[in-house]
Amino acid sequence: MPSMSEYNYRDFFQEAMNQIHQEYVNADKENEYTLWFNLEYVEDTISTITVAVASEFMWQQMVKKGNVDTICNKIAELTGQNITLSHVLRTSAPKAEVQKAEPVKQEPNVQKSEPETTKAPDLEDNYKEIKKPSKSESIHHPQLRDDYTFENFVPGTNSEYAFQASFAAAKNPGKVYNPILLYGGVGLGKTHLMQSIGNYIYSQKGEKCKICYIGAESFTNEFTSAIGNRTSDRKSVDKFKNKYRNLDVLLLDDIHFLQDKEATQEELFHTFNALYDRNCQIVFTCDRPITELKGITDRLRSRFSRGLSIDLQPPNYETRKAILQKKLESKGKVIPEEVIDYIAKNVQTNVRDLESSLTKMLGYVELVGKELTVQIAQEQLRDTFSSPLSGTITIDTIQKVVADHYGISVSDIKSKKRDRKYVIPRQNALYIARQLTEYSFPELGNEFGGRDHTTAMHSYNKVEDQLKTDSSLNATIQLLMRNIKDYKK
């Protein structure tokens, strides 16, 4: 029987991972590759390759998403053999090249050697790991909200990527994804996930772990105060530096506030380097992609972008309903299913607005004492559902902003031209108009060159379907919406 080293599948594994990596790069999905193929080659036998992964949770998700089979199939193409992929949990920082997916051998569509990996559990099953008793359940970090935990977060298609990456980082702080940048509009869960990371790490390591959660504005004010106090306290700036450069975890919220604040950026740059060099976990949040920030130095921008940047989008209907149900469960309250459904269908902005609407309904029941009905919900939430944007954003503005973005004219958008360079902007503009205004499909068809309402509906549905799978289109739509809302402000 030959020894393990004689099988030496490492080179085949590496080549398989390189090929998969290139496929993701070509599809402009390198961030997804970084998250879902973060494996470290450990060893092999005649029929099995063992890899190290960040957590059991991440392995289960890799199996569920078919990524394990993808690797196995690729290795089978290279070797002509079916190799089983098994796993162990990573206990130390991965090698630098591992994050680019170090080779690991696996079998294509062949039953895995470890029974638990043959069937990927549902996301709800993965909560078992999140809910397991912590070492320090009775203590709470003074800067973090007790309710901002992974257990209380409801991930959907809009946030599952961010949720899983955040949990992986919390399980292996400073070793897996560092830094993490979570960006998106208000009320989408950025701060919740950021504080969940802090709460999870604190629950495992306790008070010996130095964790700081702070908003960028407070960070700036504290640094400015330290500079101003130098005349009375020569060590005020040193105290500030020692406070932040000796942390284990830095959670910095709302970094868009740092725009044009050169001195604070300089200090944060050095703080980042000090923490990063010691493998301390760093998490940032921002209301937009780093590329859209103004007045940020190039070197700090590169630090923000060094790790994993993840966009949080507004939740879809199913996720909105699940969030409402989770909130009711946590409060021990019950309201009619049709009212939950009504709120979920009508509040399409963010989680904060969802929770506000639900709180209003619960308050009504408590104060008035009447049974809640859809009719009452319609009456009480009328102001919430009427978007203030609908009266200020015009079709003309939407068409102009979209046309400028794509380098065409408004008349091109309204025209009958069928070239791709005109069709895509036209469809995107119509989709955005439907989202930001109260125009019906017949009215939109008329505004976009006198088109039939079925044509307008088809364009809208096509973009909506593409958004489910195309992250780059999602980013474009969100950028256009922000530009439209900011137009001539």
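Student: Where is Gln 81 found?

Tutor: Gln 81 sits in the loop that links H5 to strand S3 (84-89). Keep in mind as we go that this is a predicted model.

Student: Is Gln 81 buried, exposed or partly exposed?

Tutor: The general idea is to look at relative accessible area, where buried means under 20% and exposed means over 50%. Gln 81 has 37% relative accessibility, so this residue counts as partly exposed.

Student: What separates the C-alpha atoms of Gln 81 and Ser 47?

Tutor: Along the chain these two are 34 residues apart, while their C-alpha atoms are separated by 8.3 Å.

Student: Let's turn to H5. At what angle do H2 and H5 pack?

Tutor: Helix H2 (residues 10-26) and helix H5 (residues 67-79) pack at about 120 degrees, and their axes are 9 Å apart. Angles of 65 to 115 degrees count as roughly perpendicular and those over 145 as roughly antiparallel. H2 is therefore oblique to H5. Their crossing is right-handed.

Student: Which residues make that contact?

Tutor: A general idea helps first. An α-helix has 3.6 residues a turn, so residues three or four places apart point the same way. Now find the contact on the model: H2 contributes residues including Phe 12, Phe 13, Ala 16, Ile 20 and Tyr 24, and H5 contributes residues including Asn 67, Thr 70, Ile 71, Lys 74 and Leu 78. By type, the contact residues of H2 with H5 divide into nine nonpolar, four polar and three charged.

Student: Can we practise on another pair? How do the axes of H20 and H23 cross?

Tutor: Gladly! The axes of helix H20 (residues 420-436) and helix H23 (residues 471-485) come within 11 Å and cross at roughly 60 degrees. These two helices are therefore oblique to each other. The crossing of H20 and H23 is right-handed.

Student: Which residues of H20 and H23 meet?

Tutor: From H20, look for Asn 428, Tyr 431, Ile 432, Gln 435 and Leu 436; they meet Leu 473, Ile 477, Leu 480, Met 481, Ile 484 and Lys 485 of H23. Sorted by type, that makes eight nonpolar, two polar and one charged.

Student: What about a single helix: how far does H13 reach?

Tutor: One approach is to set the end-to-end span beside the span expected at 1.5 Å a residue. Helix H13 (residues 317-331) has 15 residues and reaches 21 Å from first C-alpha to last, close to the expected 21 Å. Its buried residues are Thr 319, Arg 320, Lys 321, Ile 323, Leu 324 and Leu 328. They pack against helix H14 (337-346) and helix H15 (351-368). Just after H13, Gly 332 has a positive phi of about 70 degrees.

Student: And which elements do the buried residues of H11 pack against?

Tutor: Their partners are helix H9 (216-228), helix H10 (236-245), strand S6 (249-253), S7 and helix H12 (298-304). Among the buried residues of H11 are Leu 268, Phe 269, Phe 272 and Leu 275. H11 itself (residues 262-277) spans 23 Å, close to the 22 Å expected for its 16 residues. Asn 279, just after H11, takes a positive phi of about 60 degrees.

Student: You mentioned S7. Is Thr 285 buried or exposed?

Tutor: Thr 285, in strand S7 (residues 281-286), counts as buried because its relative accessibility is 0%. Beyond its neighbours within four places in sequence, Thr 285 is in contact with several residues, including Leu 181, Lys 190, Met 194, Asp 253 and Ile 255.

Technical notes:
Residues are numbered from 1 along each chain as its sequence is written. This is a predicted model: local features need pLDDT of at least 70, side-chain atom pairs count only at pLDDT 80 or more; totals for chains, interfaces and linings use all residues. Side-chain values use heavy atoms; hydrogens and water are left out. Axes are lines fitted to C-alpha atoms, for helices over the stretch in contact, and angles run from 0 to 180 degrees between N-to-C directions. Helices (H or I, at least four residues) and strands (E, at least two) are DSSP runs, numbered from the N terminus. Angles under 35 degrees count as roughly parallel, over 145 as roughly antiparallel, 65 to 115 as roughly perpendicular and the rest as oblique. A crossing is left-handed if the near helix is turned anticlockwise from the far one by less than a right angle, and right-handed if clockwise. Contact means heavy atoms within 4.5 Å. Ala, Val, Leu, Ile, Met, Phe, Trp, Tyr, Cys and Pro count as nonpolar, Asp, Glu, Lys and Arg as charged, and the others, Gly among them, as polar. The expected span of a helix is 1.5 Å times one less than its number of residues. Buried means under 20% relative accessible area, exposed over 50%, partly exposed in between (1.4 Å probe, protein chains only).
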